[in-house]
Amino acid sequence: MPCINNNLIKVQQQIHEAATATGREPADITLLAVSKTRTADELKQAYDHGQRHFGENYLQESLEKIDALSALDDLCWHFIGPIQSNKTRPIAESFDWVHSVDRIKIARRLSEQRPEHLPALNICLQINISGEESKAGCLPENAAALVAEIAALPRIELRGLMAIPQATDDPEQQREAFRRMQQLFTELKQNHPTLDTLSMGMSGDMAMAIAEGATIVRIGTAIFGARDYSNKQN
């Protein structure tokens, strides 16, 4: 089993170096540990070494882990996977953040199904910044109208944008995608000044994402090692 503690230290150091290299405060960047396919025991190890934010893609698997770790009341759970309409209720009831909202139907369901006794559900609008037909997300040119609709809904709080740019071996092309996200974010803030979150960057491109304004980086393999998908649940 990989040494999760040492890996966390390395990733935190990389965040610190990437932030300071571009004049940013490392404390302004949240490390989101992508824990899909990981066990509750592995998450507990990360928790014991200071990690509090965990990102999950598969609903049933994540609900089991949320239940297993329910005694840890300062955990912050982020849903970052595709959302089916018939699964919005458990997401609204169990998570603190949702990064993968890409249409008004899903936002409305999350709004209606968020329990009254819980704080507002933090939402990021997923942007298909590379225009990939196979990838979910709102196209950039449609973002302003959708942001306005989502921002008006009760029981949810629109915090910002999320993106997974098209994979490429060209660093400049990858950074350009992050740059376009930052530009879109800046444009949307003109009418929605409370937006404060850019969720972008993973293990292989975290430094570029931070240089272009990421406030949440989603890191999995660099913390937990290579994944085993053999027991994946939806």
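## Salt bridges, pockets and packing

Gln173 comes out as partly exposed, at 43% relative accessibility. Its place is in helix H7, and its C-alpha atom sits 31 Å from that of Asn6, a residue 167 positions away along the chain. Keep in mind that this is a predicted model. Here's a quick tour of its salt bridges, a buried helix face, two pockets, the aromatic pairs and one buried strand residue.

**Salt bridges**

- Searching the whole structure turns up 14 salt bridges.
- Lys44 and Asp48 make one of them, with 2.8 Å between the closest N and O atoms.
- Why are Lys44 and Asp48 about one helical turn apart? They are four residues apart in helix H2, which covers residues 40-48, so about one turn of the helix separates them.
- Both partners of that bridge are partly exposed: Lys44 has a relative accessible area of 31%, and Asp48 has one of 48%.
- Arg103 and Asp102 bring their side chains together in another salt bridge, at 2.8 Å from N to O.
- Is Asp102 buried or partly exposed? Asp102 counts as buried because its relative accessibility is 18%, which is under the 20% cut-off. Its partner Arg103 is partly exposed, at 34%.
- In helix H7 (residues 171-189), Arg179 and Glu176 are three residues apart, about one turn of the helix. Their side chains meet in a salt bridge, 2.7 Å from N to O.
- For that H7 bridge, the relative accessible area is 23% for Arg179, which is partly exposed, and the figure for Glu176 is 29%, also partly exposed.
- Which residues share a network of salt bridges with Arg179 and Glu176? The network also takes in Glu172, Arg175 and Glu212.

**The buried side of helix H5**

- Helix H5 runs over residues 104-113, and its buried residues are Ile104, Ile106, Ala107, Leu110, Ser111 and Gln113.
- What covers these buried residues? The cover includes two helices, H4 (88-94) and H6 (143-151), along with strands S4 (97-101), S5 (121-127) and S6 (156-163).

**Pockets**

- Rolling a probe the size of a water molecule over the atoms shows where there is empty space left.
- The largest pocket has about 350 Å³ of volume. It is lined by 20 residues, and those closest to the centre are Lys36, Asn57, Ile80, Ile164 and Met202.
- Sorted by class, that lining holds nine nonpolar, eight polar and three charged residues.
- The second largest pocket holds about 250 Å³ of space. Its lining has 16 residues, with Leu75, Trp77, Ser94, Phe95 and Asp96 nearest the centre.
- How does the lining of the second largest pocket divide by class? It splits into nine nonpolar, three polar and four charged residues.

**Aromatic pairs**

- A pair of aromatic rings is described by the distance of the centres and the angle of the planes.
- The count of aromatic pairs is two.
- Phe54 and Trp77 have ring centres 6.1 Å apart and planes at 40°, so this pair is tilted.
- That pair links distant parts of the chain, with Phe54 in strand S2 (residues 53-56) and Trp77 in strand S3 (residues 76-79), 23 residues apart. Phe54 and Trp77 are both buried.
- Phe79 and Phe95 make an edge-to-face pair, with 5.3 Å from centre to centre and 80° between the planes.
- Where do Phe79 and Phe95 sit? Phe79 is in strand S3 and Phe95 is in the loop between H4 and S4, and the pair links distant parts of the chain, 16 residues apart. Phe79 and Phe95 are both buried.
- Two of these aromatic residues turn up in the pocket story too: Trp77 and Phe95 are among the residues nearest the centre of the second largest pocket.

**Thr197 and its surroundings**

- Thr197 belongs to strand S7, residues 197-199.
- Thr197 counts as buried because its relative accessibility is 3%, with the cut-off for buried at under 20%.
- Which residues does Thr197 touch, once its neighbours within four places in sequence are left aside? Thr197 is in contact with Trp97, Cys124, Arg159, Gly160, Leu161, Phe185, Thr215 and Ile216.

Technical notes: Residues are numbered from 1 along each chain as its sequence is written. This is a predicted model: local features need pLDDT of at least 70, side-chain atom pairs count only at pLDDT 80 or more; totals for chains, interfaces and linings use all residues. Side-chain values use heavy atoms; hydrogens and water are left out. A salt bridge is a side-chain nitrogen of Lys or Arg within 4 Å of a carboxyl oxygen of Asp or Glu. Buried means under 20% relative accessible area, exposed over 50%, partly exposed in between (1.4 Å probe, protein chains only). Contact means heavy atoms within 4.5 Å. On a 1 Å grid over the protein atoms alone, a cavity is a set of points where a 1.4 Å probe fits but cannot get out, and a pocket is an open set with protein on both sides within 12 Å along at least five of seven lines; lining residues have an atom within 4 Å of a point. Grid points are joined across faces, edges and corners, and a volume is the space filled by probe spheres set on the points. Ala, Val, Leu, Ile, Met, Phe, Trp, Tyr, Cys and Pro count as nonpolar, Asp, Glu, Lys and Arg as charged, and the others, Gly among them, as polar. Rings of Phe, Tyr and Trp (its six-membered ring) pair if their centres lie within 6.5 Å; planes under 30 degrees apart count as stacked, over 60 as edge-to-face and the rest as tilted.
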